[in-house]
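This report describes the fold of one protein chain, going from overall counts to single residues. Please keep the sequence and the coordinates at hand while reading.

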Amino acid sequence: MEFQLLGPVEARQTAQNPGRRVALSGSKVHTVLAALLLARGRVVGDGRLSELLWGWEPPATMNAQIYTYISRLRKLLGPDVELIRRQPGYQLLAEGARLDVVEFEELDRGGRRALEERRFSDAADLLRRALDLWQGPALAGVTPYLAEAEVPQLEEARVTALEHRVEADLALGRHQRLVSELTGLVSEFPVRERLRAQLMTALYRGGRQADALHVYHEGRTVLAEELGVDPGPDLTAAYQGALSGELGRLPEPARVSVAVSGAARRTPPLLLPPDLADFTGRRREFEELCAALVPAPAERRLPFRPRRLLLSGMAGVGKTALAVRVAHAVAGEFPDGLLYARLRHEDGGVKDSGVVLAQLLRTLGERPEDVPVPGGGPGRLDELVHRWRTRTAGRRLLVVLDDAANELQLDALLPATTEAAVLVTSRGRLSTVPGSRGLALEPLGDAESLALLGAVAGPSRIGVEPEAARLIARACAGLPLALRIAGTRLAARPHWPAARLARRLADPACRAEELRVGELDVRHTLSKALRQRPVDEREFVTAFAPHGTEPFTTARAARFAGVAEEVAEELLERLVEAALLEMAGIDATGEPRYRFHELVRLVAAGLPERDGGLTLSGA
């Protein structure tokens with residue numbers, strides 16, 4: 001038998017009547033056949049079949065109707081196919097049968113392996129044969145419930161194979177013939193950056209540099225409007241290559257066309273952002289983190305010592321920069337790869353753990369079609385976690401998880417192995433992650449602040465006006481984000497004396513507004529952190545911030561808010577945990593004292609009432 005799923009769902013005889021199409025009728029029969037074929041010989045439960053046939057509203061006669069469809073398929077497919085009742089559902093066995101999905105995957109896998117080995121002609125041929133198996137939209141003729149569950153991953157596999165085939169064709173110098181095809185594909189998939197980068201490459205190599213740059217700028221606009229993001233690595237690299245001329249170079253093919261396993265030739269994944277060339281300070285924290293990630297020989301022999309490091313601190317304090325620098329420094333300890341994932345969206349929303357896992361699994365070599373689609377219920381997340389822990393078992397990986405929201409989000413993302421290490425950054429202190437070691441980042445001291453300001457602005461700008469430099473650093477209150485912004489503004493305005501910026505920053509009313517350059521913005525960063533907190537915390541901060549210029553006690557906060565001291569204490573401790581409030585020591589009576597970071601106070605005081613919520617009474 002031959003089965004087709006990459007197009008209309010069909011079955012054909014190959015023995016008695018070669019090529020004869022089996023007359024399948026009705027979307028329900030097509031759905032049952034497709035579901036059993038996609039299971040690859042595994043049992044498909046009655047509940048799953050019901051969900052794919054009728055969604056959330058199955059008929060009372062569900063089991064009887066499923067039995068009828070199975071019986072009909074047995075008669076239509078004949079003795080070459082076994083349809084077996086096996087609790088809790090049905091199983092399809094067809095020895096020697098051809099399934100186009102399986103054939104597509106084998107050809108795609110071979111094509112990608114050839115591409116990795118720079119056998120571009122072989123890759124183009126294999127991938128073209130894989131794509132020729134598609135006879136239209138996948139799973140045509142099935143119910144919308146099955147289509148919704150399975151078509152997205154099949155379509156993703158098709159487009160990914162298409163991208164790989166285009167990559168091979170570009171490497172073979174076929175750019176002229178690709179321009180028309182890629183123009184249509186970019187129109188169909190406007191936010192797929194790799195296709196857009198490939199169109200830029202084809203245009204550039206065809207002598208159309210201006211058109212290539214137009215494609216980039218159009219893509220940047222589309223990404224910003226549709227997704228609110230900037231271009232990623234593929235599109236950015238194509239743009240830089242067009243400006244430098246690198247885009248015109250063809251990759252060098254393999255010198256010897258020999259079959260080498262993909263695993264043997266695959267480069268370990270390196271997803272880390274680039275290290276900051278002007279990174280300054282944090283020497284103690286840097287050495288502590290490196291020592292924890294590269295344990296002494298005696299510690300390596302301990303039975304189970306997971307390396308899970310949690311780096312916490314307020315927004316803008318430099319957690320990500322330090323984590324990235326540490327990861328680059330210890331890269332030699334992790335030969336199997338350095339992974340990076342940001343755990344929040346650009347607007348501050350928390351990313352789904354399943355989405356992050358799917359991204360990491362694809363990075364580690366899982367085929368997109370083999371990665372369960374996130375959001376399909378607890379079962380899908382469990383499968384993703386299982387695949388992730390299996391993939392990372394025994395591998396010496398470093399996983400950097402940036403801007404974690406809470407322990408629940410992290411739980412699914414932690415490898416269950418001692419060989420892999422995890423470095424997590426978070427604004428709050430995640431105290432319940434098992435086997436973890438925490439390190440809280442504080443704002444920089446005076447000396448480190450001046451050093452960072454000088455590294456960004458240039459030592460000469462700081463050296464000629466030391467007093468102005470000290471005033472600027474003091475206005476930035478030790479926050480690396482603010483210091484980097486101030487230094488960047490000075491570097492971009494060589495005709496400005498540093499004293500001019502110092503005067504602008506001296507006024508508390510406009511200081512936060514002045515600390516902005518390009519996409520770096522202290523007000524935006526800190527107000528976003530405030531808006532992500534619960535309403536009662538926001539109400540307290542925005543109402544009390546203008547009055548909190550000096551350290552204060554729980555009693556004063558309770559009087560101001562008009563609440564009991566135990567309620568105020570809980571509120572204050574939550575704000576400390578969220579790095580929106582600092583501990584300022586203990587007073588003479590033994591009571592803890594709190595204070596706002598100066599920039600948090602200024603930003604919170606400047607928020608409109610609608611952002612902070614109801615103004616508290618009792619001031």
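The sections below take up the chain as a whole, two helices, a sheet, a cavity, and some local backbone features.

## The chain as a whole

The model is predicted. The chain holds 29 helices and 16 strands. Of its 619 residues, 48% are buried. Among contacts with a separation of 6 or more, 69% join residues that lie 24 or more positions apart.

## Helix α3 and the turn after β4

Helix α3 covers residues 62-77. Its 16 residues reach 23 Å from the first C-alpha to the last, close to the 22 Å expected at 1.5 Å a residue. The buried residues in α3 are M62, I66, Y69, I70, S71, L73 and L77. An α-helix has 3.6 residues a turn, so residues three or four places apart point the same way. In α3, M62, I66, Y69 and L73 are among the buried residues.

What do the buried residues of α3 pack against? The partners are the strands β1 (2-4), β2 (10-12), β4 (82-86) and β5 (89-93), together with the helices α1 (27-38) and α2 (46-54). The helix is followed by G78, which has a positive phi near 80 degrees. Two of the packing partners, β4 and β5, are joined by a loop that contains P88. The peptide bond leading from Q87 into P88 is cis, with omega near 10 degrees.

## Helix α14 and its cover

Helix α14 spans residues 319-329, and its buried residues are K319, L322, A323, V324, V326 and A327. The elements that cover these buried residues include α12 (283-293), β7, β8 (338-342), β9 (398-404) and β10.

Two residues with unusual phi signs can be placed relative to this cover. R282 is found in the loop between α11 (262-265) and α12. Its phi is near 60 degrees, a positive value in a residue other than glycine. R282 counts as buried because its relative accessibility is 5%, and buried means under 20%. D403 is found in strand β9, and its phi, near 65 degrees, is likewise positive in a residue other than glycine. With a relative accessibility of 6%, D403 also counts as buried.

## The second largest cavity

The structure holds two cavities of 30 Å³ or more. The second largest contains about 30 Å³ of space. Which residues line the second largest cavity? They are L310, L311, S312, V424, T425, S426, G428 and L430.

The elements giving two or more residues to this lining are β7 (307-312) and β10 (421-426). Both β7 and β10 also belong to the cover of the buried residues of α14. By class, the lining of the second largest cavity has four nonpolar and four polar residues, and no charged ones.

## An open sheet of three strands

Strands β14, β16 and β15 form an open sheet in the order β14-β16-β15, with antiparallel pairing. The edge strands are β14 (552-553) and β15 (582-586), each of which pairs on one side only. Strands of a sheet pair through backbone hydrogen bonds, either parallel or antiparallel.

How many bridges join β14 and β16? The pairing of β14 with β16 (residues 592-595) runs over two bridges, and T553 stands opposite R593 in β16. The pairing of β15 with β16 is antiparallel over three bridges. There, E582 has R595 of β16 as its bridge partner. β15 and β16 form a hairpin with five residues between the strands, and in this hairpin G590 takes a positive phi near 90 degrees.

## Y239 in helix α10

Is Y239 buried or partly exposed? Y239 lies in helix α10 (residues 233-244). Y239 is partly exposed because its relative accessible area is 22%, and the class of buried residues ends under 20%.

Leaving aside residues up to four places away in sequence, Y239 touches M200, L213, Y216 and H217. Y239 and A197 are 42 residues apart in sequence, and their C-alpha atoms are 7.9 Å apart in space.

Note on methods
Residues are numbered from 1 along each chain as its sequence is written. This is a predicted model: local features need pLDDT of at least 70, side-chain atom pairs count only at pLDDT 80 or more; totals for chains, interfaces and linings use all residues. Side-chain values use heavy atoms; hydrogens and water are left out. Two strands pair if DSSP finds at least two bridges between them. Helices (H or I, at least four residues) and strands (E, at least two) are DSSP runs, numbered from the N terminus. On a 1 Å grid over the protein atoms alone, a cavity is a set of points where a 1.4 Å probe fits but cannot get out, and a pocket is an open set with protein on both sides within 12 Å along at least five of seven lines; lining residues have an atom within 4 Å of a point. Grid points are joined across faces, edges and corners, and a volume is the space filled by probe spheres set on the points. Ala, Val, Leu, Ile, Met, Phe, Trp, Tyr, Cys and Pro count as nonpolar, Asp, Glu, Lys and Arg as charged, and the others, Gly among them, as polar. Buried means under 20% relative accessible area, exposed over 50%, partly exposed in between (1.4 Å probe, protein chains only). Contact means heavy atoms within 4.5 Å. The expected span of a helix is 1.5 Å times one less than its number of residues.
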